[in-house]
Amino acid sequence: MVTTDIDTESMHEHVVIRRGPRSGLPIIVAVHSTALGQAIGGCRLTHYRHWRDGLDDALRLSAAMSDKCALAGLPNGGGKTVVALPLGMTLDGASRRAALHDVGDVIAGLNGTYATGPDVGTGPDDMVTIAERTPYAFCRPVSAGGSGDSSEHTATGVLAALHALCVERFGSSDLSTRSFAVLGLGRVGGHVLRMLADARATLVASDLDDSRRALAGAAGAAWASPQDCLTADVDVLVPAALGGLLTPHTVPTLRCAAIAGPANNQLDAPTTADLLHQRGILWAPDIIVSAGGIIHATAVELHDETSAQATLRVHGIADTLTDILRTAGATGSTPADAARSHARQRIGSGHH
């Protein structure tokens, strides 16, 4: 078992890299910060060319999670679990269980400094399996005493953010007078589309999976190809699929006035925020917009709040975003820079 305390720019407190004794797979747990409290972050079970690519992912995502928690006002820091599968490997029920038990043992060894939840390649049921080895697994199904699927709470947070964004960009929170392009109709994107339809907004939607056309139709949204949806002439673009969508190549083709959505890592590189700023497109940082699920799950499962109390916290995303957008406007900086400095400030002062 390799346990390192590394001194890098991101200064992770603790990184564990271990070959799982049951699965033989590389189990990586990165704890970025516990300055605000227990570190939290998802368990990613996916393929990598080399396990070191999984380590890079864990380091990057756990640092982003610290910012996300700080901006959400959570009494938590950032962490991440990565199970690095070799290319072409598929896990059957028994080998998956073995890998998740290995994850549980590594987390148990951290004595409560880190708790994990679902991420790419894992779901609520997997958290039950991890919880057989450690209590520090959240977003378990409701039937297992957890708070269940977080996608609806994430969508509620996205809607709160869209209201705040529209006030800042267009002077009104009324969504019925606005047009939105929702790119990606997975669990969160589907909920967001239905909520926007309920608010009588004008909608364009897209997904790589053509079967989701029916969902768009039911919401009264015009269907477009992913490319046409990205460049649609709308007020607000809502990225709700995979990250890395906003690049020096795509930003010049955009015809929206603002962008806010639940997709993680929307910018291919931090400098792309400057390109959006130069074009006068107001970008709501994804780490603020997408925090609803984690805010709700941690409030209910880790901090013993009621679902109603937790939902109030999710609506607080609107105030957080308003704060960041106004700070950016007043200082002439990008919302991305304003968000980063706000997060660092809170982590640095260690305010619980």
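The lining of the second largest pocket in this predicted model is a mixed bunch: 13 nonpolar residues, five polar and seven charged. That makes up a lining of 25 residues, and those nearest the pocket's centre are Ala-64, Asp-67, Pro-270, Arg-340 and Arg-344. Where do the walls come from? Helix H1 (51-71), helix H9 (286-289) and helix H13 (335-349) are the elements that each give two or more residues to the lining. The space inside comes to about 830 Å³. Rolling a probe the size of a water molecule over the atoms is what shows where empty space is left.

Now let's turn to the charged side chains. Search the whole structure and you'll find 15 salt bridges. A good one to start with is the pair Asp-102 and Arg-22, whose closest N and O atoms sit 2.9 Å apart. Asp-102 belongs to helix H2 (residues 93-108), while Arg-22 is in the loop between strand E2 (14-19) and strand E3 (26-31), so this salt bridge ties together parts that are 80 residues apart in sequence. How covered are the two partners, buried or partly exposed? Asp-102 is buried, at a relative accessible area of 2%, well below the 20% cut-off. Arg-22, with 38% relative accessibility, counts as partly exposed.

Arg-22 has another partner: its side chain also meets that of Asp-105 in a salt bridge, again 2.9 Å from N to O. Asp-105 lies in helix H2 too, so here the loop between E2 and E3 is tied to a residue 83 positions away in sequence.

Follow Asp-105 and you come to Arg-133, with 2.8 Å between the closest N and O atoms of their salt bridge. Arg-133 is found in the loop between helix H3 (124-130) and helix H4 (151-170), so its pairing with Asp-105 of helix H2 links parts that are 28 residues apart in sequence. Arg-133 is partly exposed, with a relative accessibility of 39%. Elsewhere on the list of salt bridges, shared partners join Arg-44, Asp-57, Arg-60, Lys-80 and Asp-119 into one network.

The last stop is helix H4. Does its length come out as expected or not? At 1.5 Å a residue, its 20 residues should span 28 Å, and the C-alpha atoms at its ends are indeed 28 Å apart, so the two agree. Most of H4 is covered, with 14 of its 20 residues buried. Just after the helix comes Gly-171, which has a positive phi, near 85°.

Definitions and conventions. Residues numbered from 1 in each chain as written. Predicted model: local features only at pLDDT ≥ 70, side-chain atom pairs only at ≥ 80, totals over all residues. Heavy atoms only, no water. Salt bridge = Lys/Arg side-chain N within 4 Å of Asp/Glu carboxyl O. Helix = DSSP H or I, 4+ residues; strand = E, 2+ residues; numbered from the N terminus. Buried < 20%, exposed > 50% of the residue type's maximum accessible area, 1.4 Å probe, protein only. Expected span 1.5 Å × (residues − 1). 1 Å grid on protein atoms, 1.4 Å probe; cavity = no way out; pocket = protein on both sides within 12 Å on 5 of 7 lines; lining within 4 Å. Points joined across faces, edges and corners; volume = space filled by probe spheres on them. Nonpolar A, V, L, I, M, F, W, Y, C, P; charged D, E, K, R; others polar.
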